[in-house]
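Here are a few friendly notes to read alongside the model. Please keep the structure open as you go through them.

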Protein chains: 2
Amino acid sequence: MKLQQLRYLAAIAQSELNITAAADRLRASQPAVSRQLKLLESELGFAIFQRKGRALTKVTPHGAQVIARALRVLQEAQAIKRIADETKGEELGALSIGTTHTQARYVLPEVIQKFRSLHPSVDLHLHQGTSEQIAEMARLNRIDFAIATGSQELFETYWLLPCYRWHRMIIVPKSHPLAKVARPTLDQLAAHPIVTYVFSFDGPSSLNEVFARAGLKPTVALTARDADVIKTYVRLGLGVGIIAAVAIDAAQDDDLVRIDASHLLPAHTTWIGVSRGGLLRRYMYDFLHLLAPHLTRRMVDRAIRAHSPAEFDAVFAGMDLPFKGATARDAAASAPETLSRLSR
Amino acid sequence: MKLQQLRYLAAIAQSELNITAAADRLRASQPAVSRQLKLLESELGFAIFQRKGRALTKVTPHGAQVIARALRVLQEAQAIKRIADETKGEELGALSIGTTHTQARYVLPEVIQKFRSLHPSVDLHLHQGTSEQIAEMARLNRIDFAIATGSQELFETYWLLPCYRWHRMIIVPKSHPLAKVARPTLDQLAAHPIVTYVFSFDGPSSLNEVFARAGLKPTVALTARDADVIKTYVRLGLGVGIIAAVAIDAAQDDDLVRIDASHLLPAHTTWIGVSRGGLLRRYMYDFLHLLAPHLTRRMVDRAIRAHSPAEFDAVFAGMDLPFKGATARDAAASAPETLSRLSR
DNA sequence: TACAGTTACGGACCGCGTAAGCATA
DNA sequence: TATGCTTACGCGGTCCGTAACTGTA
């Protein structure tokens, strides 16, 4: 068994079992990859992939185990390389981030701008996707960081460092009946069709839950994956928008009336996930610090050295996480339960 | 970086930094090992070992990190090989166990006899040592299982599966004043010089602690590393022996009076440690089951799949661990605190 | 002078890419 | 016929072991 073979194997797993695509990614010839896979399989004595004709169709049960182990081997090997890079004071490197629309569009631009000026020679890769897609990138070691809100159950092999909290905000056109109501009730809100995120309707602090507890059943006019789409349809008068406060653009959204919803809906926590057992380069610590000032190298090291979720949580226990986004007043009043449950 | 280089590196680390010895172990020539180490160091760009002249003297700080990662790489690679062996229904294999004198001498013979008849072609390696020595073997991935009592803090990267509990027993020659006392008190015990294990004097349930809580200060005549030595000196009249109940040999120790000490001294738990993240072969599950019948494959899998010590402990919570050793009566009365703290 | 690591050298092997072959949709 | 994996072939590099060398106790 060679490291190279495991690298090739990982690339195939990351390329939807397409050997040609894997070879391209590896800058190797297709026969080379094909041959090494075959050699590995024959050394192990069983098929990692199921074939139909010559094409790979799916991963065998044993193959899945091998791939999982191979990914861990490669992660450790990468960590060794990074130790070397660090000792050289090497400023070169890459930083791959998987994140959702809201973060990529409204939060990260500022962070990334600062980061680029701090580390101009680090290659930045931003991969936008749904929580599930990001979890898949994480599983295949394709990203260094995952930034998202909720969906903690998808990231079992990551440490999820809490970054900041945010409230949701109601947006309506100026002509809308709610435009004049500074502090609407749930009843008032439920009286209008709602336009919000797809994923806002699942999970324990979902809109559905909140309304249900009040004995209400809201009408959903439309669900979208990002705030820009929601704003567009709110402008068209389709309904009342509920978006993350961070997704408000003070200048561009001037035509919309923004109403704080922090008295109605619980706060969310955005976290950044780092692979357990991975090694962070110096510039990665810098990124964490830029994203969330409380994530100093000291704090991060303490957290990721944890041997258990409980130990991990203890590092952030009692910490006052900052709120982010427009009109995030009286935020501190909210219970810190999301925070303490973050690592599960 | 090649897997082979990491293998060589690990062998050097396991051979007290002696390259020649490492080469012998690897059945490779000494220049080959030397050369690959040098190639690895030059690829990484820093020294893994400090040298004095040409000889390696110690591990550099960065080198220690590299070695730790390398060991993990090799463990994962070994796990992949084992997956292959399992699919072949391969009965060949090896089982290395690190353990203490008491287990090796009094408990394991029976287990190993059964195991050998079940898996005659598996190579068995038993390494006896102190807890510290066993921990070192464990750290270097040189053993599959570690069996010991206490010293849990030395095995942070292992899951410690509880095997059985045992009480200590007092042994005296027939002529000794205590020989007639069926149920001695701590005061009576403290009146005589004591002969017991070295390690019985450390830790939270140590003899020192127990006597101190009763306001007593026993005289220690001699401390030994194993029960056979203790018995020898008890026979010579040096003092009262306190040994593990499992270390009583019904036939050979007929000349000694054995007095149950379970009312005086708390019970101990013997555990078997398996590397976290390692892969267990079928015969390894069989060994666990032979050693401790409650360690079925089902239970073991549930335990080692745990993501945290708490989750791990939950698997064994409420389980009635059997007692082992001569006259282990009314054992169930003891509190299960040792058990619940086992994984820490 | 014994010991431990390094350097030198020649041979075996291994993995690569190119190019041609062959199944499946 | 396009796509995607496999086979054939020749080259270059890599790794090994033997043997001679060098610094240290």
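**Notes on the two chains and strand D**

1. Together, chain B and chain A bury about 2800 Å², with 69% of it on carbon and sulfur atoms (buried area is the accessible area, with a 1.4 Å probe, that two parts lose on being put together, summed over both). Met1(B), Arg69(B) and Ile80(B) supply 25% of the area that chain B buries against chain A, more than any other three residues.

2. Please bear in mind that this is a predicted model, where local features need pLDDT of at least 70 and side-chain atom pairs count only at pLDDT 80 or more, while totals for chains, interfaces and linings use all residues. Residues are numbered from 1 along each chain as its sequence is written, chains are lettered from A and ligands numbered from 1 in the order in which they are written, and side-chain values use heavy atoms, leaving out hydrogens and water.

3. Four salt bridges are counted between chain B and chain A (a side-chain nitrogen of Lys or Arg within 4 Å of a carboxyl oxygen of Asp or Glu). One pairs the side chains of Glu76(B) and Arg69(A), at 3.2 Å from N to O.

4. Turning to the DNA, a base oxygen of strand D is 2.5 Å from a side-chain N or O atom of Arg54(B). Gln36(B) places a polar side-chain atom 3.0 Å from a phosphate oxygen of DNA strand D. For Arg54(A), a polar side-chain atom lies 3.2 Å from a sugar or linking oxygen of that strand.

5. Of the strand D atoms within 4 Å of the protein, 62% belong to sugar or phosphate, and the rest to bases.

How values were computed: Near = heavy atom within 4 Å. Polar contact = N/O pair within 3.5 Å; in protein donor to acceptor, adjacent residues only side chain to side chain.
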